[in-house]
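Here are a few friendly notes to read alongside the structure. Have a look at it first, then come back to the points below.

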Amino acid sequence: MTASNRIVLSSDHAAIQLRQAIAAHVVAQGWVAVDIGPTTPESTPYPRHGEAAARLVASGDSRFGIILCGTGQGIMMAANKVKGIRCGVCADTFSARMIRQHNDANMLSIGVRVVGEGLALDIVDAFLAAEFEGGRHATRVEMIGVLEG
């Protein structure tokens, strides 16, 4: 098993059901889903889950990460604190495609209170189907990396 076919998934307590639906969806497409929880509905802090998923992507253990919380914003902010992570929160397929094509995003964040399951699966599909375009965008992605220190 290689990292090239692995997607790590994590969320806070609010997004367990949608996270599990996304995991099943990506598995049906041939990906290996690494679901790192949580599994129980007790309140849990999204920064821990965003960081844990981001570390698996940054280490090369997983090619991509998909993370979820109420709005997708907080967990995305936590993930982006990990060096090497480029995560965007998306509520539409155009943005999901663009963060891959123009920003070489390696993580996607979704807000469970913002989008329903059908749209979330479409967003995941758009993200996974898109390829980084490189070229002028590569220079800009390099500039983002420089900001990490």
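The points below go through the sheet, a helix that lies across it, and the nonpolar cores.

1. Please keep in mind that this is a predicted model.

2. A good place to start is the open sheet, where five strands pair in parallel in the order β2-β1-β3-β5-β4. At its edges you will find β2 (32-35) and β4 (87-89), each of which pairs on one side only. On average, neighbouring strands of this sheet are turned by 20° against each other, direction ignored.

3. Next, follow one pair of strands. β3 (residues 64-69) and β5 (residues 107-111) run parallel and are joined by five bridges. For a concrete example, find Ile67, whose bridge partner in β5 is Ser109.

4. Now look for helix α5 (residues 117-129), which lies across β1 (6-11), β3 and β5. Relative to β5, helix α5 runs at about 165°.

5. Which residues touch the most other members of the largest nonpolar core? They are Ile7, Ile22, Leu108, Ile110, Val124, Phe127 and Leu128, out of 25 residues in that core. Two or more core residues come from each of β1, α1 (16-28), β3, α4 (93-101), β5 and α5. The largest share, seven residues, is given by α5.

6. Leu128 is worth a closer look: leaving aside residues up to four places away in sequence, Leu128 touches Ile7, Val26, Gln29, Trp31 and Phe64.

7. Finally, do not miss the other core, which lies apart from the largest one and has 14 residues, including Val8, Ala54, Ala79 and Val82. As general background, nonpolar side chains tend to be buried together in soluble globular proteins.

Conventions: Residues are numbered from 1 along each chain as its sequence is written. This is a predicted model: local features need pLDDT of at least 70, side-chain atom pairs count only at pLDDT 80 or more; totals for chains, interfaces and linings use all residues. Side-chain values use heavy atoms; hydrogens and water are left out. Two strands pair if DSSP finds at least two bridges between them. Helices (H or I, at least four residues) and strands (E, at least two) are DSSP runs, numbered from the N terminus. Axes are lines fitted to C-alpha atoms, for helices over the stretch in contact, and angles run from 0 to 180 degrees between N-to-C directions. Contact means heavy atoms within 4.5 Å. A nonpolar core is a set of buried Ala, Val, Leu, Ile, Met, Phe, Trp, Tyr and Cys residues joined through side-chain atoms within 4.5 Å. Buried means under 20% relative accessible area, exposed over 50%, partly exposed in between (1.4 Å probe, protein chains only).
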